Amino acid sequence: MNDRSQNGTVYLVGAGPGDVGLLTGKGKQLIETADVVVFDRLVSEAILALIPEDTERIDVGKHAGNHPVPQDQINQILLEQALLGKKVVRLKGGDPFLFGRGGEELELLEENGISFEVVPGITSAIAAATYGGIPVTHRDFCSSVHFITGHARAGKELSIDFEALVRLQGTLVFLMSVSTAGRIADGLLQAGMDPAMPSAVIENGTRTNQRTFVQPVSELEKSVKENQIQSPALIVVGKVSSLAERFSWFDRLPLKGKRFLVTRPEAGESRLAAGLCALGADVVVHPCIQTSFIRPLEIPAADQDGAPFDTIVFTSAVGVRSYLEWLLENGQDMRVFAGKKIACIGSATAKALKEYGLIADFVPSVYSGQVLGEEMLTSGFVTKESKVLLLRTNLASHDVTDCLEQAEVSYTDIPVYHTELLTWEPEETEAPYDCITFTSRSCVEGFMNGRDPEDNAGLTALCIGEKTAEAANEAGFDVVVSEKATIDSMLEKAAEM
Ligand code: SAH
């Protein structure tokens with residue numbers, strides 16, 4: 001017998017039309033805490049990327065005309081997973097109840113006493129139109145909107161009452177209609193629709209590869225064929241379709257249709273990636289270095305000659321954390337900094353330090369190792385008498401140390417964390433990139449690990465500063481440099497590309 005208290009719950013979650021920002025907060029929270037996620041072909045890559053790495057995934061994606069996992073088997077999978085006591089997220093494109101067969105999936109669960117919840121999603125039937133610049137209703141044009149499936153069972157006629165649809169004079173939104181567009185247009189025209197009635201096709205709505213086409217309904221089939229429209233696409237018939245020409249805000253975003261590879265130091269959220277997405281770019285994120293704290297850490301209190309250090313320099317937030325965590329693990333605290341001066345390479349490093357209750361005494365005007373070295377000297381922050389301790393990575397650059405050496409300042413350079421370069425291996429089917437972004441020289445080095453500079457011919461690199469640009473230049477890229485060494489300045493530069 002089925003012991004109900006041991007059963008898991010199934011969450012039927014609408015993933016929205018594709019744009020990751022259009023997933024609901026509730027949906028996101030469930031994806032992040034599920035034991036298993038069962039998903040469809042219509043769920044976008046960007047949303048699948050939110051599934052944590054150790055969460056089980058079951059792909060029941062259906063391909064047009066070919067159903068790898070039949071519906072009754074999907075229903076069975078959901079039941080089995082729930083009977084194993086798991087928290088099951090069933091992720092479906094758009095809204096689960098609008099032509100989503102969500103109802104069918106709940107029937108077997110309900111019959112077996114499995115508990116379930118349903119999280120609505122933003123339906124493509126409205127959102128794809130919206131991103132195509134079409135309000136599905138407008139007081140001047142219509143007083144109703146109708147959602148219609150254009151799917152016909154193999155060898156069967158469409159079961160659509162075209163006379164009724166034409167008589168209602170509302171906006172008609174057809175889903176699953178790419179292969180039946182011609183039959184739909186004929187049906188509407190035969191039922192008396194004006195051949196000049198505007199219609200729109202929105203392919204891959206809300207996604208970075210969205211395309212929108214507007215034409216009279218009499219030319220709908222021709223447009224679908226000529227533009228080689230592929231599923232998923234939405235067809236909108238009605239006067240509101242003509243508004244796309246004025247309101248297509250999404251297709252006009254500055255980076256629409258451009259593909260960016262964002263290389264970044266570590267896995268995690270990326271403000272640059274989010275900013276590029278907001279400008280309409282298709283963004284893939286590739287972390288190119290991975291860091292780990294060095295343990296055990298051996299840090300002398302004084303230099304080779306026994307002179308205690310008086311100046312400590314950090315060139316990354318990871319360095320700050322590795323050192324300070326080590327101090328605490330060893331029963332020491334911030335008092336070891338008493339009487340010492342601290343320099344940080346940039347604001348993020350200084351912020352990490354502040355989290356431990358320490359304020360940096362020196363931050364250079366530009367985030368750069370060379371500028372840090374130069375400005376510490378010119379400002380008198382370090383002098384020939386200073387005893388400098390640099391706490392950095394095993395792969396640290398020579399910029400700061402070259403400056404100190406030239407000025408005959410004594411320093412000790414201790415690695416407090418390891419940096420490992422991660423190779424980039426694009427999938428064979430991956431579309432080419434218009435631009436690769438680099439926010440540090442180490443990112444360029446990480447990206448180039450095992451890669452031939454000749455492979456970069458004709459590829460544009462958007463770089464955060466001169467040093468990074470130099471490295472990208474050496475690596476064979478066409479280089480564009482942001483005016484300032486900030487993410488905002490990079491985004492401004494990107495928008496001009
Ligand atoms: N439940 C889904 C619809 C499933 S039916 C929803 O609410 O969106 C599948 C159809 O949805 C596709 O054939 C296509 O017509 C439409 N569709 C889904 N995603 C789409 C997208 N990103 N752009 C345009 N149409 C989309």
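A polar contact is a pair of N or O atoms within 3.5 Å. The exercises below apply this cut-off to a predicted model.

**Exercise 1.** Which backbone atoms make polar contacts with the ligand, and at what distances?

*Solution.*
Step 1. Take the nitrogen atoms of the ligand: a backbone N or O atom of Gly205 lies 2.8 Å from one, and a backbone N or O atom of Pro17 lies 3.0 Å from a ligand nitrogen.
Step 2. Take the oxygen atoms: one lies 2.9 Å from a polar backbone atom of Met176.
Step 3. Consider the cover: the ligand on its own has 540 Å² of accessible area, and the protein covers 94% of that.

**Exercise 2.** Describe the shell around the ligand by residue, class and origin.

*Solution.*
Step 1. The shell holds 19 residues, of which Asp95, Leu98, Thr123, Ser124 and Ala233 come nearest.
Step 2. Sorted by class, there are 11 nonpolar, 6 polar and 2 charged residues.
Step 3. At least two shell residues come from each of helix H5 (124-131) and strand S10 (233-237).
Step 4. Domain 1 (7-122) and domain 2 (126-251) each give at least three residues to the shell.

**Exercise 3.** Is Thr263 buried or exposed, and what does its side chain reach?

*Solution.*
Step 1. Locate the residue: Thr263 is in strand S11 (residues 259-264).
Step 2. The relative accessible area of Thr263 is 1%, so the residue is buried, the limit being under 20%.
Step 3. The Thr263 side chain reaches the backbone oxygen of Thr437 at 2.5 Å.
Step 4. Leaving out residues up to four places away in sequence, Thr263 touches His286, Cys288, Ile436, Thr437, Phe438, Thr439, Cys443 and Phe447.

Technical notes: Residues numbered from 1 in each chain as written. Predicted model: local features only at pLDDT ≥ 70, side-chain atom pairs only at ≥ 80, totals over all residues. Heavy atoms only, no water. Near = heavy atom within 4 Å. Polar contact = N/O pair within 3.5 Å; in protein donor to acceptor, adjacent residues only side chain to side chain. Areas by Shrake-Rupley, 256 points an atom, 1.4 Å probe, with all protein chains shown as cover. Helix = DSSP H or I, 4+ residues; strand = E, 2+ residues; numbered from the N terminus. Nonpolar A, V, L, I, M, F, W, Y, C, P; charged D, E, K, R; others polar. Domains from an automatic or database assignment. Buried < 20%, exposed > 50% of the residue type's maximum accessible area, 1.4 Å probe, protein only. Contact = heavy atoms within 4.5 Å.
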